[in-house]
Amino acid sequence: MKLTRLLLGLLLPPVGVFLEVGIGPSLLINIVLTLLGWLPGSIHAVWVIAKHEEQLNRQDGIY
């Protein structure tokens, strides 16, 4: 599932962010960045997906 979200984050950045964190500030930022250009939106999406996964692992005690 993480691979799917990362691929969506690269191809359709707002969709990947939405699947990872839902509706919120990160999604709005990603939509704006994607409207400014595909590359900034993709970079932000991959960053959000990786950071969210890292936070979940910390909460579960998995490092």
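Colleague: What does "buried" mean for a residue here?
Modeller: Relative accessible area decides it. Over 50% counts as exposed, and the range in between is partly exposed. Buried means under 20%.

Colleague: What share of the residues of the chain count as buried?
Modeller: This is a predicted model. The chain has 63 residues. The share of them that counts as buried is 29%.

Colleague: Which elements make up the chain, in order from the N terminus?
Modeller: Strands are absent, with a count of zero. The helices number four. From the N terminus on, the order is α-α-α-α.

Colleague: What is the radius of gyration, and why does the chain count as compact as a globular protein of its length?
Modeller: The globule rule gives 11 Å for 63 residues. The chain comes close to that value, so it is as compact as a globular protein of that length. Its C-alpha atoms fill a box of roughly 35 × 20 × 15 Å along the principal axes. The radius of gyration is 11 Å.

Colleague: How much of the accessible surface belongs to carbon and sulfur atoms?
Modeller: Take the whole accessible surface of the chain, about 4300 Å². The part that belongs to carbon and sulfur is 72%.

Colleague: Which helix gives the most to the nonpolar patch?
Modeller: The patch covers about 900 Å², and its residues include Leu3, Phe18 and Ile23. Two elements give two or more residues to it: helix H1 (2-11) and helix H2 (13-21). One of them gives four residues, the most of any. That helix is H1.

Colleague: Is Ile23 buried or exposed?
Modeller: Ile23 sits in the loop between H2 and helix H3 (25-36). Its relative accessibility is 73%. The cut-off for exposed is over 50%. Therefore Ile23 counts as exposed.

Colleague: Is Arg5 buried or exposed?
Modeller: Arg5 belongs to helix H1. Its relative accessible area is 14%. The cut-off is under 20%, so Arg5 is buried.

Colleague: Which residues are in contact with Arg5, leaving aside its neighbours within four places in sequence?
Modeller: Start with Gly16, which is 11 residues from Arg5 in sequence. In space the two are 5.1 Å apart, C-alpha to C-alpha. The full list of contacts is Gly16, Leu19, Glu20, Ile49 and Glu53.

Colleague: What percentage of the contacts with a separation of 6 or more joins residues 24 or more positions apart?
Modeller: Count the contacts in the chain with a separation of 6 or more. Then take those between residues 24 or more positions apart. They account for 47%.

Methods:
Residues numbered from 1 in each chain as written. Predicted model: local features only at pLDDT ≥ 70, side-chain atom pairs only at ≥ 80, totals over all residues. Heavy atoms only, no water. Patch = residues over 30% accessible without salt bridge, like charges linked within 9 Å, V, L, I, M, F, W, Y side chains within 5 Å. Areas by Shrake-Rupley, 256 points an atom, 1.4 Å probe, with all protein chains shown as cover. Salt bridge = Lys/Arg side-chain N within 4 Å of Asp/Glu carboxyl O. Buried < 20%, exposed > 50% of the residue type's maximum accessible area, 1.4 Å probe, protein only. Rg over C-alpha atoms; globule rule 2.2 N^0.38 Å. Contact = heavy atoms within 4.5 Å.
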